[in-house]
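Please open the structure in your viewer and keep the selection tool at hand, since this tour moves from one selection to the next.

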Amino acid sequence: MKRSLLIPIILLLGMFLACKDFIEPSLENRKVVLVAPAEGSESNKYQVGFWWEPVQDALYYRVQVATPDFSAAVSLVQDTLIEGRSRFETTLEPGRYQWRIRAENGSSSTKYVSAKFIIHESSLNDQKLSVASPSTNYLSNLATVTLEWNRLFGADEYLLQIDTANFENEATLTYNQELSGNQFKYAFPREGIFRWRVRAQNASGSSKWSDIRTMTYDRTPPGVPTPVSPAKGVESSAPVRITWSNVPAAKRYKLFLYKSDGATLYSSAFPLTVSANAYNFSSGQQGETIYWNVVAVDEAGNEGPASVLTSFIYITQ
């Protein structure tokens, strides 16, 4: 192919690929394929896992569950928007149900596809409890957390256990109480890693334990960053590369820039949160003195002490 023809083709291809990034593909002619529960399926498990095949270019999936079906619905028991995954789990009571799902993005959606299924009543001993929140590997600097789980048909109460080990010795559990509801506000007794689980109970038996979830309470702030450049009081040409030492526990940093009085924030953009330990500044005025310091923030949201206040003289070139 001649060079004169090759260049326009390459340019057109580049334009096509660029446009594809901005024009969202339509989902109207696509279809969600259901995996489970399949049409006509029956189970004695109250914990139901919904599963479907991913649809290309879909951002979300709308999952709805009605009883006994959508044509003569007595109740819409579930209406959930799922992001970025093709599975969803919930707990239902015995009964007849129909579920349906459609894929969505910002500008279009597929048609709903549906399937009917039946859940038969069964012993509580055959069931497993599922937890709702907080998410697994929860990390926070808040002193309390609300634990929540799904109600289970036939349950009279729920046994909640919290431990710092792995539930090896029930005599040393941090918390071990029976509760009537399906949520509990727990106050951490100290910093550390805690594990929790819950099961449903009635006079004739108990369900299987829920999956164990881990939560960490962290109130220890990270260390103090050390300003690196520019050196205090030196003239610095735009763009000024502001850097500070890395703090090992830091997840991000809050950078404070002040006007020449050393107290008034330079603009509404500050304090500015950055993930790296550096920032390029190029919005100053010729010859003005700019002060700055920085605070390290860890993954739990704890803020450490501010670094020493230092300054530089801004030069526009």
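In this predicted model, begin with the largest pocket, which holds about 230 Å³ of space. To find its centre, select Glu 89, Ser 130, Val 131, Asn 150 and Arg 213, which are the closest to that point among the 14 residues that line the largest pocket. If you colour the lining of this pocket by residue type, you will see 4 nonpolar, 6 polar and 4 charged residues.

Next, select strand 6, residues 87–91, together with strand 9, residues 131–133, because each of them supplies at least two residues of the lining of the largest pocket. Of these, strand 6 is the one to linger on, as the largest share of the lining, 3 residues, comes from strand 6.

Now keep strand 9 selected and follow it into a sheet, adding strands 11 and 14, for these 3 strands form an open sheet in the order 9-11-14, with antiparallel pairing. Strand 9 and strand 14, the latter covering residues 183–187, stand at the edges with a single partner strand each, so one side of each is left without a neighbour in the sheet. Looking across the sheet, you can follow a twist that averages 30 degrees from one strand to the next.

Finally, narrow the selection to strand 9 and strand 11, the latter made of residues 144–149, which run antiparallel and are joined by 2 bridges. Which residue of strand 11 is the bridge partner of Ser 133? Select Glu 148, which is the partner of Ser 133 in that strand.

Note on methods:
Residues are numbered from 1 along each chain as its sequence is written. This is a predicted model: local features need pLDDT of at least 70, side-chain atom pairs count only at pLDDT 80 or more; totals for chains, interfaces and linings use all residues. Side-chain values use heavy atoms; hydrogens and water are left out. On a 1 Å grid over the protein atoms alone, a cavity is a set of points where a 1.4 Å probe fits but cannot get out, and a pocket is an open set with protein on both sides within 12 Å along at least five of seven lines; lining residues have an atom within 4 Å of a point. Grid points are joined across faces, edges and corners, and a volume is the space filled by probe spheres set on the points. Helices (H or I, at least four residues) and strands (E, at least two) are DSSP runs, numbered from the N terminus. Ala, Val, Leu, Ile, Met, Phe, Trp, Tyr, Cys and Pro count as nonpolar, Asp, Glu, Lys and Arg as charged, and the others, Gly among them, as polar. Two strands pair if DSSP finds at least two bridges between them. Axes are lines fitted to C-alpha atoms, for helices over the stretch in contact, and angles run from 0 to 180 degrees between N-to-C directions.
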